[in-house]
Amino acid sequence: MRTRHIIFLLGFLFLSHAGYAQSADHDMEEGVSAFQEGSYEKAEQVLLNITESAPDRAEAHYLLARLYTETPLSDPDKAENALDEAIRIEPENPDYLVAKLLQLRKKPRTVLQERIREQRRIALSKKILAIDSTNAFAHEELGTLFIRDFWRYRNAMMFPTMAFSGSLYRGSSAMALGDPPSFQGAPLQEDLEQDESSNDTGDSPQQASPAFAFDPNNVFLADRFDIEKLEEQGVPFLEFSGRAQDAYERAVAHLEDALASDPLRHSVYRQLMKIYSLKGEYDAAREMLENMYASFPEDPSTWLYLGLAQAYGGDPQGAASAFEMAFQYMDNEEKIVFETLSLLLLPEEEERYEEDPVTYASRFWASKDPRYLTPWNERKIEHYARLVYADLLYASEGLELRGWDTERGHILVRYGPPERDVVIVPGSTSGVKNLGDAPTSRMEPRSGSREQFRATDMGFNPRTFHLGGDFDMLAETNTFNIWDYGDFRFVFEDPFRNGEYRLYSPPASDMSAGVPAWLNDYSIIAKETIAQTPELYEYEAPGRRVDIPFVASAFKGSGEDADVYVSYGIPISEDGIHQETIDIAARIGAFLVSERRDILVERRQTIYGLRGDRIRSFDEAHIWVGGQVMTAPPGQHEVSMEFETVSGGAIAVQRRAIEVPDFTEDELQVSDLMLAYSIEDADPDNVESATVHRGEFAIISAPWNVFSHRQPIYLFFEIYRLTRTEDGETQYEMEARLTPRNNARGIARVVRNIFGTGGGVSVSVPGSGSLPDETNYLILDAANQAPGLYTLTLRVRDLVSGKSVERTIDLFLE
């Protein structure tokens with residue numbers, strides 16, 4: 001991809017070279033014609049003849065560079081030589097300089113080559129801008145390099161005096177081979193004062209700083225990547241936030257200047273989106289994307305970037321719309337990545353997924369959706385955003401991998417951005433002078449309770465300091481990226497300092513020293529973590545999160561399905577309890593989800609105003625009670641109760657597993673027990689006064705099992721399949737007992753059960769009728785009961801058959 005980009009730009013620069021066609025002689029015209037017709041060998045011969053007869057014809061050398069770059073005659077060395085000759089002849093020609101800049105972007109063979117080329121690109125970009133201050137290529141180059149610096153230092157830390165025993169770790173302040181001066185940071189270079197005496201003391205490294213070997217700088221190897229433990233232990237560190245902020249501001253300034261000169265530079269939009277995402281500046285990203293849309297309205301990247309900005313900027317609805325637009329313009333190969341679940345599943349799950357991808361994916365996303373009330377799936381939006389984020393930040397041009405195929409990108413897709421993202425910069429490339437004078441926990445902290453030391457507080461001293469063993473250049477130049485998710489972490493390393501991070505595995509020297517192979521081996525740890533936690537997502541509500549209590553009660557329905565009544569409560573402030581109607585607009589939803597993650601029933605309702613007569617007050621809360629009814633087949637299900645104000649200021653999501661009984665069984669049964677605050681005969685003219693209407697009764701059901709001892713406890717239930725006498729009548733007895741929760745153990749529990757000690761209240765009522773199914777309710781007076789947990793037991797005895805059945809439910813008395 002990068003090669004094609006360079007080819008296109010070289011061709012563009014050549015064809016746009018001012019006055020070129022008018023000034024070319026016959027031979028040049030012949031060479032250009034052969035080039036355009038695809039006769040590359042002929043074009044090469046003509047141009048070589050020109051450069052031999054007229055060595056100072058810069059245009060001929062430039063065209064040869066293009067010929068050796070974008071045609072089957074590709075030869076990077078010849079292209080470089082030809083372009084260098086053109087620049088020698090016309091050193092101030094910005095087109096030639098830009099072409100050279102593009103050449104220097106080619107993938108180097110070694111890290112040292114990349115450092116050298118990077119310095120040349122910086123110098124060349126500055127030279128181009130000195131000639132043409134609006135040159136978009138040069139601004140983009142400098143902006144991209146400053147992004148790299150921002151990325152390197154935004155969360156960077158260095159522990160200049162930390163050490164492990166033996167050869168397990170080497171602390172150092174030596175500069176890595178090939179690191180350019182710019183890596184030290186501008187402030188360090190401006191304040192550089194070399195202390196010659198520190199280089200020629202004749203002391204051995206072990207003698208340079210005795211304090212280095214003392215606590216708190218010596219830490220356990222197992223804690224090497226536990227930043228929190230290192231900070232708690234008091235290991236001093238350097239942080240680079242000032243350098244990072246400076247790099248951020250410079251990067252944005254250069255990239256904005258590039259777009260001002262050329263708003264059609266697609267790569268600049270990508271670089272800006274990258275740094276805005278790293279900084280979390282999604283408002284700025286959305287503003288930038290308005291300009292990108294004007295230039296690339298049908299480019300899927302425009303919509304993918306917008307989806308990311310909206311998702312992480314707090315607008316899931318806008319994100320859902322943007323991603324849908326991206327899919328319309330996306331090619332099938334990329335669309336498959338967004339549709340597949342392969343990046344989230346374990347191998348055994350993927351086998352089931354491949355058997356029926358559509359059904360499996362539908363149920364998977366339904367099971368992960370945190371809010372059924374919204375028309376979009378927040379978890380799926382998060383997945384799309386992670387894919388864009390991973391591809392934006394962790395794609396590897398050198399390895400030709402999309403972001404989600406790299407190790408960091410794959411982890412990010414599974415778990416999202418980490419709670420803490422820290423880069424440990426090696427001391428050997430941090431420009432630290434006089435390690436013996438480096439701050440330790442014995443020194444007074446410079447600000448606050450944490451010891452943070454800016455890199456600019458120290459000079460540079462190319463001197464090695466380590467404990468035991470031989471100097472290990474690879475260890476001294478390695479950079480670590482730690483992703484901490486709270487319960488687990490991942491550590492990546494960049495041993496070659498080329499940005500190609502991989503999961504960290506300890507070097508052979510650690511294992512040869514007797515260190516267990518699994519200790520700090522994150523290739524192993526990552527596999528174990530993924531097996532235990534395949535993916536992670538914690539929904540964060542955009543508004544104030546409130547609790548919405550609810551209970552579900554099942555009764556016999558028509559056919560095999562049961563009627564399930566969901567009673568819920570909406571928290572009300574103290575100011576609203578005395579109002580006749582509370583002025584509020586809210587959306588309420590009740591959803592029944594099967595064990596296979598199919599949404600069986602959904603009930604949505606928009607409420608405009610809450611009636612004051614439905615408010616119930618408790619010691620620490622006031623709630624408005626409501627209800628929904630749905631049908632459900634027998635079995636294990638999940639009920640999701642959701643609430644949100646229309647303004648989005650308050651949001652509630654509560655989920656609970658329920659078991660719906662099979663009421664078709666041919667035996668004596670009792671429905672679930674429904675607790676209520678009142679039960680009256682139904683009034684057809686006032687149906688809104690109750691939360692549940694069942695048979696002839698209007699019920700204000702309880703959304704939680706909490707009652708005041710000053711109020712009666714209503715218990716609503718139904719009895720099924722009573723046996724009738726020869727006269728067609730049923731005769732039964734109902735007893736409800738409210739007893740303190742039996743938390744006793746051993747002999748005390750047996751005694752209490754036998755003798756019934758411990759207080760409580762009960763009510764027993766006979767019943768009769770002509771139908772095998774009966775609807776009833778009982779009232780218990782708990783006025784003399786002490787506050788606490790209680791168990792309410794309903795026992796029904798069929799006097800005709802002699803059979804009994806009972807149900808229990810726990811409740812709390814205030």
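A residue counts as buried when its relative accessible area is under 20%. I begin with that cut-off because strand β5, residues 479-484, has 5 of its 6 residues on the buried side of it, so the strand is largely enclosed by the rest of the structure. I will come back to β5 shortly.

Before that, some background. What we have here is a predicted model. The mean pLDDT of the protein is 81, with 78% of the residues at 70 or more. Two stretches fall below 50. One is residues 1-24, which has 41 contacts in the model beyond near neighbours in sequence. The other is residues 164-217, with 138 such contacts. Where pLDDT is low, the predicted coordinates should not be read in detail. I will leave those two stretches there.

Now the overall picture. The protein has 814 residues, and 50% of them count as buried. There are 26 helices and 27 strands. If you take the contacts with a separation of 6 or more, 69% of them join residues 24 or more positions apart. The accessible surface comes to about 38,400 Å², and carbon and sulfur atoms make up 48% of that.

Back to β5. Which strands does β5 pair with? On one hand there is β3, residues 420-424, which runs antiparallel to β5 and is joined to it by 5 bridges. In that pairing, R420 has D484 of β5 as its bridge partner. Then there is β6, residues 489-494, also antiparallel to β5, with 6 bridges between the two. Here W483 is matched with F490 in β6. The strands β5 and β6 form a hairpin with 4 residues between them, and in this hairpin G486 takes a positive phi near 90°. As a general point, side chains in a regular strand alternate between the two faces of the sheet.

β5 and β6 also appear in the next item, which is helix α22. This helix spans residues 407-415, and 7 of its 9 residues are buried, so-called mostly covered. The buried ones are R408, G409, I411, L412, V413, R414 and Y415. What do they pack against? The partners are α9 (136-153), α21, β5, β6 and α25 (522-532). Just after the helix comes G416, with a positive phi of about 80°.

On the other side of α22 in sequence, the loop between α21 and α22 holds E400. Phi of E400 is near 55°, a positive value in a residue other than glycine. Is E400 buried or exposed? It is exposed, because its relative accessible area is 70%. R597 is another non-glycine residue with a positive phi, in this case about 70°. R597 is in the loop between β11 (581-594) and β12 (599-611).

Those two strands belong to an open sheet of 5 strands. The order is β8-β16-β15-β11-β12, and the pairing is mixed. The edges are β8 (544-545) and β12; each has a single partner strand, so one side of each is left without a neighbour in the sheet. For β8, the pairing is with β16, residues 650-660, through 2 bridges, and the two strands run parallel. Within that pairing, R544 stands opposite A650.

Next, a pair of helices. Two packed helices are described by the angle between their axes and the distance between the axes. For α19, residues 347-355, and α20, the axes come within 5 Å and cross at roughly 120°. Why are they called oblique? Angles of 65 to 115 degrees count as roughly perpendicular and those over 145 as roughly antiparallel; the crossing falls in neither class, and α19 and α20 are therefore oblique to each other. The contact is made by E349, R352, Y353, E354 and E355 in α19, which meet P357, Y360 and A361 in α20.

Last, a single residue after α20. Where is R371? It sits in the loop between α20 (357-368) and α21 (378-394). Although R371 is a loop residue, it counts as buried, because its relative accessibility is 4%. Leaving aside neighbours within four places in sequence, R371 is in contact with W376, E378, Y539, P542, E642, E644, I651, V653 and R655. I651, V653 and R655 fall within β16, residues 650-660, the strand that pairs with β8.

That is what I have for today.

Terms used
Residues are numbered from 1 along each chain as its sequence is written. Side-chain values use heavy atoms; hydrogens and water are left out. pLDDT is the predictor's confidence in each residue, from 0 to 100. Contact means heavy atoms within 4.5 Å. Buried means under 20% relative accessible area, exposed over 50%, partly exposed in between (1.4 Å probe, protein chains only). Two strands pair if DSSP finds at least two bridges between them. Accessible areas come from the Shrake-Rupley method with a 1.4 Å probe; for residues, only the protein chains shown count as cover. Axes are lines fitted to C-alpha atoms, for helices over the stretch in contact, and angles run from 0 to 180 degrees between N-to-C directions. Angles under 35 degrees count as roughly parallel, over 145 as roughly antiparallel, 65 to 115 as roughly perpendicular and the rest as oblique.
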